[in-house]
Amino acid sequence: MISYALSTCAFGGVIDEMTADALRKGKFRQFELLFSTAPDGEVFSKFLQEARKLVNEGVMTFSSSHMPFQNGNNWDVSCTDEYVRKYIVANHIDLLRKNADIIGRNVAVHASGEPPLDEHPVRMVQICRTLEDLMPIADELDLTFNIEYLPRTCLGNSVEELQAIVANFDKKRVGICLDVNHTMDRYAELPDMINVLAERINTFHISDYDGVDETHWIPGQGIINWSAVLQEIRKINHNVLLILETDMQLKRLARKVDPVFALRQNERAVWFMENFDRLSAESAAFVIPGNN
């Protein structure tokens, strides 16, 4: 079964009065909680406070959480310094425990920042050590850690690396989050990637690609072949969560965007994806008036 959620990055990870009103009136009820790089900071603490209010109102449910991934000294789970890695594991456990009431079962994890490729062998060892260290909290809180497909020189930038990372862990506790934008210039291979990784994929980060760099555009605005991608997603024989992660267009605007705009864009993106077969046929047959 396919279900949809919206990353809190889509509305900037801020819940002011205007955003709360938009969320109450919007169609999304499932969300992914994107943790700030400074989750104990005043701004993000205020966000969590407001988010909990909406959870209690029944407006929001967090079906997934995304662990911090910048500021490597605090969050780099494949850190090559073993002493620092253990400190980072402790940070993850503390953050999960403090927010156990709202985080949801799925937890998205970046396996690294953008290290040199020659660090990958040692980092493969370190990420597996970290996952082993996280298994007790996974059992305690009934969590599944989903290792994210990442771009460029990140650890987890290929099907083979993801398979190697998750191979020795129970799929109930360790799976994959396939970010379709992060495949970048390999976007045409997405259907094959999904087919190979299907058994381990629990979540997707959904957005579109512009053919140049990761853009996290609204689905339908880029060049990903959604017909082929959705066909493979629908073949997966267990529940998968499709998380709209579409913040970059809004970040690049030099002004505040009405949260209704962000929500409406993503709601229409889900409608587009759910009706893609019909819409793509109509689009292919459409002739621009005056251009026939």
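A nonpolar core is taken here as a set of buried Ala, Val, Leu, Ile, Met, Phe, Trp, Tyr and Cys residues joined through side-chain atoms within 4.5 Å. The structure analysed is a predicted model. Its largest nonpolar core holds 84 residues. Phe145, Phe204 and Trp226 touch the most other members of this core. Helix 5 (residues 120-141) is the element that gives the most to the core, contributing eight residues. In soluble globular proteins, nonpolar side chains tend to be buried together.

Phe204 illustrates the packing. Residues up to four places away in sequence aside, Phe204 touches Cys177, Leu178, Val180, Ile194 and Ile233. Its contacts also include Ile236, Leu241, Leu242 and Ile243. Ile201 lies in strand 7, which spans residues 201-206. Ile201 is buried, at 0% relative accessibility. With the same sequence neighbours left out, Ile201 touches Ile176, Leu178, Ile194, His238 and Val240. Lys171 is 30 residues from Ile201 along the chain, and the two C-alpha atoms are separated by 9.3 Å.

The parallel strands were examined next. Strand 2 (residues 30-34) pairs with strand 3 in the parallel sense, over five bridges. Within this pair, Phe31 stands opposite Phe62 of strand 3. Between the two strands the chain passes through helix 2 (residues 42-57), and this β-α-β crossover is right-handed. Strand 3 covers residues 61-66. Five of its six residues are buried, so strand 3 is largely enclosed by the rest of the structure. Strand 3 is also joined to strand 4 (residues 106-109) by three bridges, again in parallel. Here Ser64 has Asn106 of strand 4 as its bridge partner.

Strand 4 in turn pairs with strand 5, in the parallel sense and over four bridges. Val109 stands opposite Ile147 of strand 5. The chain reaches strand 5 from strand 4 through helix 5, in a right-handed β-α-β crossover. Helix 5 thus has two roles in this description: it links these strands, and it gives the most residues to the largest nonpolar core.

Strand 5 (residues 144-148) has five of its five residues buried, so this strand too is largely enclosed by the rest of the structure. Both of its faces are covered. Thr144, Asn146 and Glu148 are buried on one side. Phe145 and Ile147 are buried on the other. Phe145 is also among the three residues that touch the most other members of the core. Strand 5 runs parallel to strand 6 (residues 174-179), and four bridges join them. In this pairing, Phe145 is matched with Val174 of strand 6. The chain crosses from strand 5 to strand 6 through helix 6 (residues 159-166), and this β-α-β crossover is right-handed.

Loop residues were then considered. Glu214 is placed in the loop between strand 7 and helix 8 (226-235). Glu214 counts as buried because its relative accessible area is 11%, below the 20% limit. Its side chain makes a polar contact with the side chain of Arg152, at 2.6 Å. A second polar contact, at 3.1 Å, is made with the side chain of His216.

Arg152 sits in the loop between strand 5 and helix 6. Its phi is near 50°, a positive value in a residue other than glycine. Arg152 is partly exposed, at 36% relative accessibility. Asn71 also has a positive phi, of about 60°, although it is not a glycine. Asn71 lies in the loop between strand 3 and helix 3 (72-75). At 39% relative accessibility, Asn71 is partly exposed.

Finally, the cysteines were checked for cross-links. A disulfide is a covalent bond between the sulfur atoms of two cysteines. With a limit of 2.5 Å between the sulfur atoms, zero disulfides are counted. Cys9 takes part in none, and its nearest cysteine sulfur, that of Cys177, is 12 Å away. Cys9 is buried, at 9% relative accessibility. For Cys154, the closest cysteine sulfur is also that of Cys177, and the separation of 13 Å is too far for a bond. Cys154 is buried, at 6% relative accessibility. Cys177 itself is one of the residues touched by Phe204.

Note on methods: Residues numbered from 1 in each chain as written. Predicted model: local features only at pLDDT ≥ 70, side-chain atom pairs only at ≥ 80, totals over all residues. Heavy atoms only, no water. Buried < 20%, exposed > 50% of the residue type's maximum accessible area, 1.4 Å probe, protein only. Polar contact = N/O pair within 3.5 Å; in protein donor to acceptor, adjacent residues only side chain to side chain. Pairing = 2+ DSSP bridges. Right-handed = clockwise from strand over helix to strand, strands pointing away. Contact = heavy atoms within 4.5 Å.
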